[in-house]
Amino acid sequence: MFTTGDGSIDIMSSPSTLITPPAAAEPSHHTPRLRLKPAGSVSGHVDGAWWPRSRDLAAELPALLEVLATRPGTIERVTYHLTTWTSVPRRLVIGGRAVRLEGFRSQPPHAVTVTGQGRQRLTLLTLPPDMPKAAAHEALMRAARRDNADSTDMLLSPSRVAGAEFSDTATQRWEVDGGRVR
């Protein structure tokens, strides 16, 4: 990562062009809101969850990748869903190394995958930046449980957010037994 005198971060979009993110990209200077499953846990669709502060992937990634580099090693690639993030460069220079950023329509909308050396990868549930704090905390904690095998959609479903009293199955069973949802 190259930091300029004004604290901004230079981003490389091609070998000869450096792009400086706008001043609004300052959230990347904060510690990432991240929870990971314990090392060695291989169950489920995700390896943890990340709650970015904005939809600007180029501004959010430097802090995230700095923390994640201990797990998959030197990070070489990040994949994301094309419509989830604002304009994203094809490469980002972090720690003096170029990281490829690749968007796909086939990638789950609420996930990013970070690939390191030897193709080691981490898939993270990506929470919406405007998600209420209590719901985000619950989703972060649930996604990081060692035995969690929920899909990204299940982890973000309204019946699973903080404050939900019943699961869909429990509510249906209650209604069949004579209860009513108002």
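This is a short tour of a predicted model, from one strand and its partners to its aromatic residues.

**Stop 1: strand β6.** Select residues 75-81, which form β6. Colour them by accessibility. The strand is mostly covered, with five of its seven residues buried.

**Stop 2: the antiparallel partner.** Keep β6 on screen and add residues 111-116, strand β9. The two strands run antiparallel and share five bridges. For a landmark, label I75 and look across to β9: G116 is its bridge partner there.

**Stop 3: the parallel partner.** Now add residues 97-104, strand β8. Here the pairing with β6 is parallel, again over five bridges. Label T79, then find E102 of β8 standing opposite.

**Stop 4: the aromatic pair.** How many aromatic pairs does the structure hold? There is one. Show the side chains of W50 and W85: the ring centres are 5.7 Å apart and the planes meet at 25 degrees, under the 30 degrees cut-off, so the pair counts as stacked. Next, trace the backbone at each end. W50 belongs to strand β5, residues 48-50. W85 sits in the loop between β6 and β7, the latter being residues 91-94. The two tryptophans are 35 residues apart, and their pair links distant parts of the chain. Are these two residues buried or exposed? Both W50 and W85 are buried.

**Stop 5: a charge over a ring.** Finish by selecting W51 and R33. R33 lies over the face of W51. Its distance from the ring centre is 3.6 Å. Turn the view until the ring of W51 faces you to see R33 over that face.

Definitions and conventions:
Residues numbered from 1 in each chain as written. Predicted model: local features only at pLDDT ≥ 70, side-chain atom pairs only at ≥ 80, totals over all residues. Heavy atoms only, no water. Buried < 20%, exposed > 50% of the residue type's maximum accessible area, 1.4 Å probe, protein only. Helix = DSSP H or I, 4+ residues; strand = E, 2+ residues; numbered from the N terminus. Pairing = 2+ DSSP bridges. Phe/Tyr/Trp six-rings, centres within 6.5 Å; stacked < 30°, edge-to-face > 60°. Lys NZ or Arg CZ within 6 Å of the ring centre and 35° of its normal.
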